[in-house]
Amino acid sequence: MDWVMLGSSLGRPYRDEHRLLAIRAFLLQIRTFEEQTGVPQSQFRRRYKRRAPYIFSDQEIHQLMEAAARNPLRFRAATVSTLIGLLASTGIRIGEALRLTMADVRLDRTQAHLYIHETKFGKSRNVVLHPSTVEHLRHYMSARATALRGRQAEPFFTNTICRPLIYNPLRYTFRQLLKQTGIAPSAGQRRPTLHCFRHTFAVKRLTLWQREGTDIRKQLPWLSVYLGHQGPETTYWYLSATPDLLRDAGALFDPELMPRGDRR
């Protein structure tokens with residue numbers, strides 16, 4: 001506790017808390033083999049309570065893509081609609097999507113994939129694509145070639161002057177699409193953002209595995225690698241309790257909750 005308070009200053013209000021949390025984590029580990037180890041109680045209150053992220057339904061994703069496709073600027077419409085579909089189908093970060101180059105989108109390989117260069121945590125990875133996603137990306141590449149009229153642009157998602165998309169204007173466009181489709185958060189939820197597609201992907205994948213009877217604990221490390229996380233503990237942040245997920249979990253304990261066609 002002397003170390004926690006050493007050099008304490010009003011100018012660094014959270015430093016003491018961080019030190020105490022570090023000490024508690026260390027002592028909790030020690031207590032696993034030294035049962036008499038004392039662990040000080042935290043005197044700090046949590047500064048915030050995490051609001052549940054917005055999880056898009058399949059219908060909402062289709063509505064957003066269709067709304068984007070109605071933009072009178074045809075290439076802009078194709079770009080934004082394709083980008084939303086890619087975020088929803090792969091769970092990649094919006095920054096990763098905007099930094100994709102033509103060389104990173106490898107649709108002609110035996111297993112079509114995206115190559116994500118060193119991003120968060122300094123990791124690179126291959127993101128395997130579903131055949132339907134590959135088909136949509138091919139359509140976009142055709143529209144892209146027509147719009148650029150033979151000019152070469154390194155960014156995969158580009159504008160008509162061969163420049164990469166900029167996040168802030170894209171975020172504004174997305175907010176307009178939310179208004180057009182009437183998609184809004186319920187009480188306690190965060191406002192829908194482009195990053196919420198990453199949460200949505202993780203939850204939908206978990207729900208699908210649960211319905212297939214897959215051992216989620218064994219599969220979670222694979223999901224962590226796919227999302228570019230350091231480990232499963234980071235992936236847990238993206239997993240939220242949705243009605244579908246809770247219903248399927250309940251069905252494991254109560255067969256009466258399971259749809260009739262799925263009962264065994």
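## Fold and H3–H4 packing

In the protein, 54% of the contacts (heavy atoms within 4.5 Å) with a separation of 6 or more link residues 24 or more positions apart. This is a predicted model: local features need pLDDT of at least 70, side-chain atom pairs count only at pLDDT 80 or more, and totals for chains, interfaces and linings use all residues. Residues are numbered from 1 along each chain as its sequence is written, and side-chain values use heavy atoms, with hydrogens and water left out.

The protein has eleven helices and three strands. Helices (H or I, at least four residues) and strands (E, at least two) are DSSP runs, numbered from the N terminus. Their order along the sequence is α-α-α-α-α-β-β-β-α-α-α-α-α-α.

Of the 264 residues, 39% are buried, meaning under 20% relative accessible area with a 1.4 Å probe, protein chains only. The exposed area is about 16900 Å² (Shrake-Rupley method, 1.4 Å probe), and carbon and sulfur atoms supply 54% of it.

One helix pair is described here.

| Helix | Residues | Residues in the contact |
|---|---|---|
| H3 | 58–69 | Ile61, Leu64, Met65, Ala68, Ala69 |
| H4 | 74–90 | Ala77, Val80, Ser81, Ile84, Gly85, Ala88 |

H3 and H4 pack at about 165 degrees, with their axes 7 Å apart. Axes are lines fitted to C-alpha atoms over the stretch in contact, and angles run from 0 to 180 degrees between N-to-C directions. H3 is therefore roughly antiparallel to H4, a term for angles over 145 degrees. By class, their contact has nine nonpolar (Ala, Val, Leu, Ile, Met, Phe, Trp, Tyr, Cys and Pro), two polar and no charged residues (Asp, Glu, Lys and Arg); the others, Gly among them, count as polar.

How values were computed
Buried means under 20% relative accessible area, exposed over 50%, partly exposed in between (1.4 Å probe, protein chains only). Angles under 35 degrees count as roughly parallel, over 145 as roughly antiparallel, 65 to 115 as roughly perpendicular and the rest as oblique.
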